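Please open the model in your viewer and keep the selection tool at hand. The stops below take a pair of helices, another pair, the cysteines and a single acidic residue in turn.

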Amino acid sequence: MRRENQSSVSGFLLLGLPIRPEQQGVFFALFLGMYLTTVLGNLLIILLIRLDSRLHTPMYFFLSHLAFTDVSFSSVTVPKMLRDMHSKDKFIPYAGCILQMYFFIVFGCLDCLLLAVMAYDRYVAICHPLHYTAIMREGLCVLLVAGSWLVSCGSALLDTLLLAQVMRRENQSSVSGFLLLGLPIRPEQQGVFFALFLGMYLTTVLGNLLIILLIRLDSRLHTPMYFFLSHLAFTDVSFASVTVPKMLRDMHSKDKFIPYAGCILQMYFFLVFGCLDSLLLAVMAYDRYMAICHPLHYTTIMREGLCVLLVAGSWLVSCGTALLHTLLLAQVSFCADNIIPHFFCDLPLLLKLSCSNTSVNELAILTAGAMLGIIPLSGIMASYGRIGASILRVPSTTGLRKALSTCGSHLSVVSLFYGTIIALYYSSSLSDSSDKAMIASLMYTAVTPMLNPFIYSLRNRDIKLALGILFRNNILVTK
């Protein structure tokens with residue numbers, strides 16, 4: 001929270017390398033040559049691995065990612081250093097400094113983790129050569145790289161948020177947190193609603209964890225569709241857990257204060273899992289399209305590596321979008337008003353409390369909302385449009401009916417998720433509609449994640465069969 005309420009520090013001055021003025025040209029040419037060699041050499045490695053099918057092995061897959069990381073790592077600092085060597089303006093704005101630090105940490109951590117992954121790959125290749133292809137399969141390789149990215153981005157985000165908190169504590173206004181007014185419930189009704197929402201939350205957690213457990217234990221559910229469903233169930237549990245526990249606590253406490261860091265973290269993870277929900281629903285629609293419209297090529301196209309890549313890509317896009325909004329919010333200052341008429345830290349409401357110019361933030365919300373809302377929804381509609389056309393052209397078969405049996409569940413979840421979002425947008429556009437907007441928010445943060453397990457378990461024959469087998473096995477064990 002910087003501009004009006006922070007100090008006058010709007011950026012930093014980088015002194016650069018301790019080089020004499022007469023040596024600037026020599027060192028500039030030297031570092032420019034080194035940087036161009038780094039970029040061209042690593043891009044050449046990536047190109048060779050891409051073009052030569054003999055290099056399509058786990059070792060070279062990891063090497064291509066290491067080469068990309070090296071190019072990115074150098075590009076974070078060297079171009080700015082070269083510019084400063086030939087310029088008297090060595091100033092870097094606050095946002096630029098934060099972003100440079102973030103990506104420096106990301107690619108530094110990623111370099112370290114990829115080297116460890118490559119060492120593990122060599123260990124398996126040398127010590128377990130007969131099992132190498134079985135262990136280092138495509139899905140595991142993609143998972144190791146995606147995990148390295150997530151750990152690196154998470155570590156960098158943590159350091160970025162802690163730094164923003166330090167700068168805010170020293171330089172900003174006296175606003176140390178916010179007051180969440182919560183749901184508009186009468187005092188005599190608090191107990192009833194507390195029991196209701198607690199039951200809904202426990203149902204959400206237990207229902208979705210049960211789906212994850214069934215998919216994990218039943219080998220017949222080890223398919224792309226249920227792989228995506230397990231990630232959707234985890235996302236629903238996480239999405240509800242970001243807001244509902246705090247809301248329940250506030251219903252039985254007079255202290256409804258949330259500190260600045262807690263509010264920022266809640267907003268960040270709310271955006272992460274909200275975006276992830278939308279992207280996973282689009283990925284699941286694409287999976288159903290491939291299963292119904294291209295059944296003969298389904299196992300070839302929807303291979304394990306692609307499934308992991310789609311989920312990992314959804315995570316990276318969601319984390320990146322949430323990080324963008326978090327960093328932009330860190331540029332905004334707040335005045336004396338710190339009361340949020342909601343049960344969680346909602347980004348639009350935080351911007352309304354700001355006394356800064358929030359036009360950039362609003363543009364980012366509009367752009368991200370269009371990309372992560374309209375594009376996935378359009379993809380879902382296009383997928384089901386093609387599915388409908390395929391059904392009208394091809395006579396019904398047993399395999400086709402089995403594939404279509406899951407479409408009803410997915411369409412129900414999509415309608416519920418996007419329906420509540422549309423209702424929220426409509427209610428927030430009306431005047432004096434804060435209570436309606438809060439109810440709509442409660443629908444997609446608490447009600448939708450709770451209903452998803454029921455929709456998939458009641459309408460899906462495979463899930464019901466796996467659930468019946470699990471209960472029968474438990475009964476036999478107890479006997």
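**Two helices side by side**

Select α8 and α12, which are roughly parallel to each other; the angle between them is about 20°, and their axes lie 9 Å apart. Bear in mind throughout that this is a predicted model. If you look along the line of sight that superposes the two helices, the crossing of α8 and α12 is left-handed.

To see what makes the contact, show the side chains of α8 first, where Cys 275, Ser 278, Leu 279, Leu 281, Ala 282, Ala 285, Tyr 286, Arg 288, Tyr 289, Ile 292 and Cys 293 take part. From α12, add Leu 372, Pro 376, Ile 380, Ser 383, Tyr 384, Arg 386, Ile 387 and Ser 390. Coloured by class, the contact of α8 with α12 shows 14 nonpolar, 3 polar and 2 charged residues.

**A second partner for α12**

Keep α12 (residues 359–393) on screen and add α10 (residues 304–329), which packs against α12 at an angle of about 170°, with the axes 10 Å apart. That angle makes α10 roughly antiparallel to α12, and the crossing in which α10 passes α12 is left-handed.

On the α10 side, select Val 317, Thr 321, His 325, Leu 328 and Leu 329, and on the α12 side Val 360, Asn 361, Ala 364, Ile 365, Ala 368 and Leu 372. Sorted by class, the residues in the contact of α10 with α12 comprise 8 nonpolar and 3 polar ones, with no charged residues. Leu 372 of α12 is worth labelling, since it is listed in the contact with α10 and also in the contact with α8.

**The cysteines**

How many disulfides does a search of the whole structure find? The search finds 1, and to display this disulfide you should select Cys 263 and Cys 345, whose sulfur atoms are 2.1 Å apart. Cys 263 belongs to helix α8 (residues 260–293), whereas Cys 345 sits in the loop between β5 (339–340) and α11 (347–353), so the pair ties together parts that are 82 residues apart in sequence. Turning to the geometry of the bond, the torsion about the S-S bond of Cys 263 and Cys 345 is about -130°, so the disulfide is left-handed.

Are the two partners buried or exposed? Cys 263 counts as buried, at 0% relative accessibility, and Cys 345, at 1%, counts as buried too.

Next, select Cys 112, whose sulfur is 7.4 Å from the closest cysteine sulfur, that of Cys 109, which is too far for a bond. Cys 112 is exposed, with a relative accessible area of 53%. Moving on to Cys 319, you will find that this residue is in no disulfide, the nearest cysteine sulfur being that of Cys 153, 6.8 Å away. Cys 319 has a relative accessible area of 16% and is buried.

**Last stop: an aspartate in α2**

Finally, centre the view on Asp 70, which lies in helix α2 (residues 58–85) and is partly exposed, with a relative accessible area of 24%. Which residues is Asp 70 in contact with, leaving aside its neighbours within four places in sequence? They are Thr 38, Asn 42 and Asp 111. Measuring from C-alpha to C-alpha in your viewer, you can also check the separation of Asp 70 from Val 39, which is 8.3 Å in space although the two are 31 residues apart in sequence.

Terms used
Residues numbered from 1 in each chain as written. Predicted model: local features only at pLDDT ≥ 70, side-chain atom pairs only at ≥ 80, totals over all residues. Heavy atoms only, no water. Axes fitted to C-alpha atoms, helices over the stretch in contact; angles between N-to-C directions. Helix = DSSP H or I, 4+ residues; strand = E, 2+ residues; numbered from the N terminus. Parallel < 35°, antiparallel > 145°, perpendicular 65-115°, else oblique. Left-handed = near helix turned anticlockwise from the far one by under 90°. Contact = heavy atoms within 4.5 Å. Nonpolar A, V, L, I, M, F, W, Y, C, P; charged D, E, K, R; others polar. Disulfide = S-S within 2.5 Å. Buried < 20%, exposed > 50% of the residue type's maximum accessible area, 1.4 Å probe, protein only.
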